[in-house]
Amino acid sequence: MPLLPDIAEKLQHNLHCIQQRLEQALRQAGRSGQPVLLVAVTKYVPEEVAAELVRLGCRHLGESRPQQLWRKAEALPGEVVWHQVGHLQRNKVRRTLRYARWIHSGDRWPLLQTLQQEAQAAGVRPKVLLQVNISGEEAKGGFRPEELPQIVPRLEELPDLEICGLMGMSGLGASPEEKSRQFGLLRGLRNQLQPLCPPGVELRELSMGMSDDFPLAVAQGATIVRIGSALYEGLDLERS
Ligand SMILES: *Cc1c(COP(=O)(O)O)cnc(C)c1O
C-alpha cells in the first residue's frame with residue numbers, strides 16, 4: 001500500500017530536523033565532520049514507513065524484536081543494512097544472522113558463544129557490540145562494567161565475530177546530568193578496555209543515544225545513535 005503524501009512529507013521533515021540536531025550536537029562537541037551513523041529504529045511502524053525511510057536515504061534500519069526484523073527484512077529491498085538493537089534469544093540467532101549485519105545487544109557470554117558458532121556455520125562475520133549496563137537498573141540487560149575486564153581478553157575465542165565497540169542505554173527518567181555521566185562511563189570503559197583486547201579487536205564504536213538523549217550522547221562521543229520515536233512525531237500511523 002503506498003503511503004499517503006502527508007505521511008511521507010512529515011517523515012522527511014522529522015528526518016531533516018534530526019539530522020540538523022545531530023550536526024549541531026557535533027559542532028558543539030567540537031566534532032564537526034566526524035561521522036555518526038544514524039540507525040532508524042522501525043519497531044513502531046509498518047514496513048511501508050520503513051520503505052519510505054529507505055527512499056529518504058536511511059540505509060541503516062534497526063529493530064528490537066528479532067521476529068520484526070526478519071519480517072521487515074524479507075519485505076524490504078536488499079540495500080538495507082539491518083541492526084538488531086534489542087535483546088536476542090539464543091534460539092533466534094541463526095535466523096537473525098541471515099539478515100542482520102550488526103548486533104548491538106551482545107549482552108552476555110553465552111549469547112556471544114552462540115553467535116560465534118552460528119556465524120562460523122553460516123560463513124558470515126557480523127559486527128557485534130558489547131552491551132553494557134551503564135544505568136545500573138536491574139531491568140536493563142548488558143554486562144556489568146566491572147565484569148568486562150575479564151570478558152574482553154576472551155574475545156579471541158570469537159574469531160567469526162567482528163567485535164567493534166560498546167552499546168549502552170541511559171536510565172529511564174534519569175536527569176540530563178545523570179545521562180551524560182552514564183554516556184561518559186561508556187566512553188571511559190572503551191578507553192580502559194581497548195588495551196586489554198586481543199590483537200585485531202578494536203572498540204571503535206559507541207552506540208548510545210536515542211530520541212530523547214542523542215545530543216547528550218554525541219557530546220560524550222557517540223559514533224552510532226539509534227533513533228525511533230522522534231522520526232515518527234506527528235505521523236498519523238493509523239491511516240498509513
Ligand atoms: C526502541 C529502541 C530505540 C529507539 O528508541 P526511541 O526512544 O524511540 O528513539 C533504540 N535502541 C533500542 C535498544 C530500542 O529498543
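Two strands are said to pair if DSSP finds at least two bridges between them. In this predicted model, strand E1 (residues 37–41) meets that description with E8, as four bridges join the two, which run parallel. One of the residues involved is Val39, whose bridge partner in E8 is Arg226. Strand E8 itself spans residues 224–227, with Ile224 and Arg226 pointing one way and Val225 and Ile227 the other way. Neither face of E8 is left open, for all four of these residues are buried.

A second parallel pairing is found between strand E2 (residues 60–63) and E3, again over four bridges. Here His60 has Val81 of E3 as its bridge partner. Along strand E3 (residues 81–84), Val81 and His83 point one way, while Trp82 and Gln84 point the other way. As in E8, the residues on both sides are buried.

Arg226 leads from the strands to the ligand, since Arg226 and Ile227 are both among the residues around it. Also in this group are Val41, Lys43, Tyr44, Ser64, Val85, Met169, Met210, Ser211, Gly228 and Ser229. Side chains and backbone both come within reach of polar ligand atoms. The side chain of Arg226 places an N or O atom 2.9 Å from a nitrogen atom of the ligand, and the side chain of Ser211 has an N or O atom 2.5 Å from a ligand oxygen. Gly228 takes part through its backbone, with an N or O atom 2.7 Å from an oxygen atom of the ligand. Taken alone, the ligand has 390 Å² of accessible area, and the protein covers 91% of that.

Turning to the helices, H7 (residues 176–193) has 18 residues and reaches 26 Å from its first C-alpha to its last, close to the 26 Å expected at 1.5 Å a residue. Its buried residues are Lys179, Ser180, Gln182, Phe183, Gly184, Leu186, Leu189, Arg190 and Leu193. An α-helix has 3.6 residues a turn, so residues three or four places apart point the same way. The buried residues of H7 pack against three strands, E5 (127–132), E6 (162–168) and E7 (205–207), and against helices H6 (148–151) and H8 (214–219).

Helix H5 (residues 109–122) likewise has a span close to expectation: its 14 residues reach 20 Å from the first C-alpha to the last, against 20 Å expected at 1.5 Å a residue. Trp109, Leu111, Leu112, Thr114, Leu115, Gln116, Glu118 and Ala119 are buried in this helix. Their packing partners are helix H4 (93–99), strand E4 (100–106), E5 and H6. After H5 comes Gly123, which has a positive phi, near 70°.

In helix H2 (residues 47–55), the buried residues are Val49, Ala50, Ala51, Glu52, Leu53 and Val54. Their cover includes helix H1 (5–28), strands E1 and E2, and helix H3 (66–75). Glu47, also in H2, is partly exposed, with a relative accessible area of 25%. This value does not count as buried, because that term is kept for residues under 20%. Beyond four places in sequence, Glu47 touches Arg71, Lys72, Ala75 and Leu76. Glu47 and Gln68 are 21 residues apart in sequence, yet their C-alpha atoms are 9.7 Å apart in space. Just after H2, Gly57 takes a positive phi of about 105°.

Two loop residues complete the picture. Asn133 lies in the loop between E5 and H6 and is buried, with a relative accessible area of 12%. Its side chain makes polar contacts with the backbone, reaching the nitrogen of Ser135 at 3.3 Å and lying, through a polar atom, 3.2 Å from the backbone oxygen of Lys140. Besides Lys140, Asn133 touches Gly141, Gly142, Phe143 and Pro145, with residues up to four places away in sequence not counted.

Gly171, in the loop between E6 and H7, is buried too, at a relative accessible area of 5%. Leaving aside neighbours within four places in sequence, Gly171 is in contact with Ser135, Glu137, Lys140, Lys179 and Gln182. Lys179 and Gln182 are among the buried residues of H7, while Lys140 is also touched by Asn133. The C-alpha atoms of Gly171 and Gly136 are separated by 7.8 Å, although the two residues are 35 apart along the chain.

Definitions and conventions. Residues are numbered from 1 along each chain as its sequence is written. This is a predicted model: local features need pLDDT of at least 70, side-chain atom pairs count only at pLDDT 80 or more; totals for chains, interfaces and linings use all residues. Side-chain values use heavy atoms; hydrogens and water are left out. The expected span of a helix is 1.5 Å times one less than its number of residues. Buried means under 20% relative accessible area, exposed over 50%, partly exposed in between (1.4 Å probe, protein chains only). Contact means heavy atoms within 4.5 Å. A residue is near a molecule or strand if one of its heavy atoms lies within 4 Å of it. A polar contact is a pair of N or O atoms within 3.5 Å; within protein, one must be able to donate a hydrogen and the other to accept it, and residues adjacent in sequence count only if both atoms are side-chain atoms. Accessible areas come from the Shrake-Rupley method with a 1.4 Å probe; for residues, only the protein chains shown count as cover.
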